[in-house]
Amino acid sequence: MTVTEDRPSVEPEIGQARKRKEDYRLITGRTRWTDNIVLPGMLHLAMVRSPFAHATITAIDASEARNAPNVVAVLTGADVAEVQGPLPCAWPITEDQKAPVHPAIAVDRVAFAGEVVAVVIARSAVAARDAAELVDVDYEDLPAALDLKDAAADTTLAHPDLGTNTSATWIFDSAEAGTGSPVEDAISTARDGGILLEREYRQQRLIPAFMEPRSTVVDPTGEQITMWSATQVPHILKIMLAMTQGIPESKLRVIAPDVGGGFGGKLQVTPEEVITLMAARRTGKPCKYTETRSESLMAGHHGRDQWQKLTLAATADGTVTGLKVELLADMGAYLGLVTPGIPILGAFMFNAIYKFPAYHFSCTNIFTNKTWTDAYRGAGRPEATFAIERLMDELAHEVGVDPLAIREKNWIKHEEFPFATVAGLEYDSGNYEAATAKARELFGYDELRAEQKRRRESGDPVQLGIGVSTFTEMCGLAPSRVLGSLNYGAGGWEHASVRMLPTGKVEVITGTSAHGQGHATAFSQIIADRLGVAFDDIEVLHGDTQVSHKGLDTYGSRSLVVGGEALVRAADKVIERARPIAAHMLEASADDLDFEAGRFSVRGTDQGVAMAEIALAVFAAHDLPDGVEPSLDAEATYDPVNFNYPHGTHLCALEIDTETGGVRMRKYACVDDIGNVINPLIVAGQVHGGLVQGIAQALWEEAVHDDAGTLVSASFVDYLVPTAADTISFDIEHTTTPALTNSLGTKGVGEAGTIASTPAVVNAVVDALRPFGVSDVRMPCTPERIWKAIHARDGADDGGGATAEAAMPHFDEDQAGANDEGAGR
Amino acid sequence: MSRTTVPVTITVDGTRYTDEVEPRTLLVHYLREQVGKVGTVVGCDTSNCGACTVHLDGRSVKSCNVLAVQADGSEITTVEGLEKDGVLHPVQQAFHDCHGLQCGYCTPGMIMQSIDLLNENPDPSEEEIRSGLEGNLCRCTGYHNIVKAVQQAAGGAR
Ligand code: FES
Ligand code: FES
């Protein structure tokens, strides 16, 4: 049985650019998108949505729709008011947070344009849509709260019953927390001979715009109700539906089949999911709802949408001494699953990689009559990184030094790790010097600066701008105790199990839920190395709550750093379960066994047994040691001890035609330190995709509403998701400082590109325009805004280009005129 | 509201189908719902995303922008009809090799459009590739590796 053999030494899987195992079905069209699912007797749903941002529903006449061919039922809010339950918000950020009840179908009032007021259930999607046109709804228009600042002043109430538009205010103060000194002291010191930057930046509203529209199928037949949904969070969805719909959790099964992107946009418990569930339970038939793109853009949650008031204090030589952040965050009309917590995730990141001794953060969450906001790639952290990286460029300009130099002066040096930050986090590792040095070289920084100088001196109509962003982020959401301290309704652990099949194959079950990230490939690589099993013999199962019974899903760059660690621990348990059995098979003592490359061997001999042989022996169970259970399978639930802090240096060169305001990206180079890399191919893909989403915020995308609160950018004609023709190829590389908080030394990468790139691009725009006296251009930096910013000093209206002038009234009025930086240009 | 239907005969991925369709039925819905070619997907309602791209008599079309009746008598190739005898089409292979997909939702359309692009211009520059794919949106990849995949496929074709 115990054959000895000369085993060829195998290359470790970790670090290899393995092509993805999930590709085959995707490139041949053998996919299982939710909308592909067809079941016997299936009914189809179409939503009737409010065209008004704020209105009372005075009457609904659905009789004509009910009589239309092949219509089975029409449900209005009144029909389901008693049973629909409120949609959940899992993150009340304060004890006294105010929130309206969030119904799946509006009952007597609508609070944003796009809110569902009725649903038609019919035998075909076409019949449902045709009949939806026949539902006659009478509205009485109410004044709508649309502008965020007006809403903050309670000029118009988004929900009159609440009596205010303020949902909650959340504050962190380093002096109170004991993590730093009082920020007001730093500010008053800086007023007197130091540097005080007072700025206000706008984070425009974005739309996640995943390519697969959301779709839900519910089958109410059988013992469990089964829901397939295009979701990032099948486990959370199941728990939340059980808690709000009066269905025992054990009678619900949620499956996320192939899911076409999410980016936070599918981190939600949606009205449409609840409505499809209700429709299936009412009719007793499988029901399907698939949204159109315009419904997706209008009614899927949005992201960002903040005003950021910022005060940075520094000494005259540019050493930072304090940072004060005051945010207004637009919740939209309701609090979604994690809506109120999103801007709070930024609270820990405004200080970034810099050694601020004093820090104050406050965020006020405001209701408006718009689609609610929630997670979008980066979720709170891009907003923070944008603000601080823009400010560091402003500081460099003020001091008159290179933007990289001002950063280096203030950042945490590599020998200073672990570093306790002023926001209360502990950064375990990092090396900003190394990443920056490599990025400089990759980018050709000095040559591009020289070219910029030439163009400036010659008065070239095409100016070159160079933008810098030296970001870090906290990822790997999240240590459960930290989430508890932030009032979040759940933990941040992850679960994994490993099943050793008798034929030598291995099934890996993860509680994360991939929708494009390549977990099947990366997790196979991890297990292949850990257990010494062939990459192709490993199957990764996920996204079905009956297969993966436990998990917290995929978001917040957590799947590898939290889910991967759970996997490693489960695999290690398999090895420990196998050890006594191997010892028995080898007639040796367990203490004398070494495990390497999938094989137990007796130290100092050539005797050994492979994991697959043990799996088969365990399956037969004919000859196991006494008292040993016939199973190698193991599971682990891992709760991270800390967040995880990838960082990097991103450099962007833009050519700006000062005669037209046109922008052309010349070069984009970045060096990210994401710790050890499992699969460089997948990592590069995450970086590229992230970069384009961040660049798109800087240059193109914005959810625009008209004066009535209707989303104007409700199609891909108007919401400018970039195309291949808008973008360039990127130069990306890595430095490696392994994370110290997980076995694999990995850090998150899913959000890095999005977080880092936005300020790099806007800094490049502003850098190009400095000779014109420009110190800010509002996002998206359209040619029109750029042109107006250039011409503003000729007396033209700056077209909302700069935001600094708007900042002044918020700050110390006496000082406003005195500090000419405050004037914005 | 009874609707009249029209008979059509359409060859899809080498198989001939004879069906009754409503005159207003879009080709993409015919393919997905009547023929079961769910590999071809819908990403928008304004013909902007290209997710539904198929070949109609050898040229790429957005199948949400064509009526099923307009395809009567034609040959349609979808992403499901590219693999021959277990061998991937070189463009499929290139998307796999270059990691030109993540979630894969845009992929059927991207692949069909890329094939058309290379049929028209076997040796495209990066700029020509980028403008040739302008009608196809991808939210995951940032296009970097899609461009590489088309370059690889072009190289293979030479
Ligand atoms: S579905 Fe055809 S172009 Fe979007
Ligand atoms: S791979 Fe996800 S949209 Fe292109």
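How much area is buried between chain A and chain B? Some notes on that and on a few other spots, bearing in mind that this is a predicted model.

1. **The A/B interface.** About 4,300 Å² is buried between chain A and chain B, and carbon and sulfur atoms give 57% of that area. On the residue level, 55 residues of chain A are in contact with 44 residues of chain B. If you want a place to start looking on the chain A side, try I27(A), M211(A) and A724(A): they supply 17% of the area that chain A buries against chain B, more than any other three residues.

2. **Salt bridges between the chains.** Searching the whole structure turns up 63 salt bridges over all chains, and the count between chain A and chain B is five. One to click on is D97(B) with K19(A), where the closest N and O atoms are 2.9 Å apart. Another pairs E83(B) with R30(A), with 3.7 Å between the closest N and O atoms. E83(B) sits in the loop between strand 5 (75-77) and helix 2 (90-97) of chain B, while R30(A) is in the loop between helix 1 (23-28) and strand 1 (43-49) of chain A, so this pair joins two chains.

3. **Chain B, two domains.** The domain assignment splits chain B into domain 1 (6-81) and domain 2 (90-157). Their C-alpha centres lie 21 Å apart, and the contact takes 18 residues from domain 1 of chain B and twelve residues from domain 2 of chain B. Together these two domains bury about 1,200 Å², with carbon and sulfur atoms giving 53%. Two salt bridges are counted between domain 1 and domain 2 of chain B. For a charged pair to look at in this chain, the side chains of D116(B) and R59(B) meet in a salt bridge at 2.8 Å, N to O.

4. **Chain A, two domains.** Here the assignment uses split segments: domain 1 of chain A is 23-29 + 493-638, and domain 2 of chain A is 460-469 + 646-816. The C-alpha centres of the two lie 42 Å apart. Domain 1 of chain A brings 15 residues to the contact and domain 2 of chain A brings 14 residues. The buried area is about 1,100 Å², of which carbon and sulfur atoms give 56%. On the domain 1 side, S557(A), L560(A) and V561(A) lose the most area to domain 2 of chain A, together 37% of what that side buries. How many salt bridges cross this interface of domain 1 and domain 2 of chain A? The rule finds zero.

5. **A helix pair in chain A.** Have a look at helix 18 (residues 559-586) and helix 19 (residues 611-620) of chain A, whose axes come within 10 Å and cross at roughly 80°. That makes helix 18 of chain A roughly perpendicular to helix 19 of chain A. From helix 18 of chain A, the residues in the contact are V574(A), I575(A), A578(A), I581(A), A582(A) and M585(A); from helix 19 of chain A they are M611(A), E613(A), I614(A), A617(A) and V618(A). By class, the contact has ten nonpolar, no polar and one charged residues.

6. **Two cis peptide bonds in chain A.** Worth checking by eye: the peptide bond from F417(A) to P418(A) is cis, with omega near -5°. P418(A) lies in the loop between helix 13 (403-410) and strand 16 (419-420) of chain A. The bond from L477(A) to A478(A) is cis too, with omega near -5°. In that case A478(A) is in the loop between strand 18 (462-472) and helix 16 (480-485) of chain A.

7. **A positive phi.** Which residue other than glycine has phi near 75°? That would be N487(A). You'll find N487(A) in the loop between helix 16 and strand 19 (494-500) of chain A.

Key. Residues numbered from 1 in each chain as written. Chains lettered and ligands numbered in written order. Predicted model: local features only at pLDDT ≥ 70, side-chain atom pairs only at ≥ 80, totals over all residues. Heavy atoms only, no water. Axes fitted to C-alpha atoms, helices over the stretch in contact; angles between N-to-C directions. Helix = DSSP H or I, 4+ residues; strand = E, 2+ residues; numbered from the N terminus. Parallel < 35°, antiparallel > 145°, perpendicular 65-115°, else oblique. Contact = heavy atoms within 4.5 Å. Nonpolar A, V, L, I, M, F, W, Y, C, P; charged D, E, K, R; others polar. Domains from an automatic or database assignment. Buried area = accessible area lost by both parts, 1.4 Å probe. Salt bridge = Lys/Arg side-chain N within 4 Å of Asp/Glu carboxyl O.
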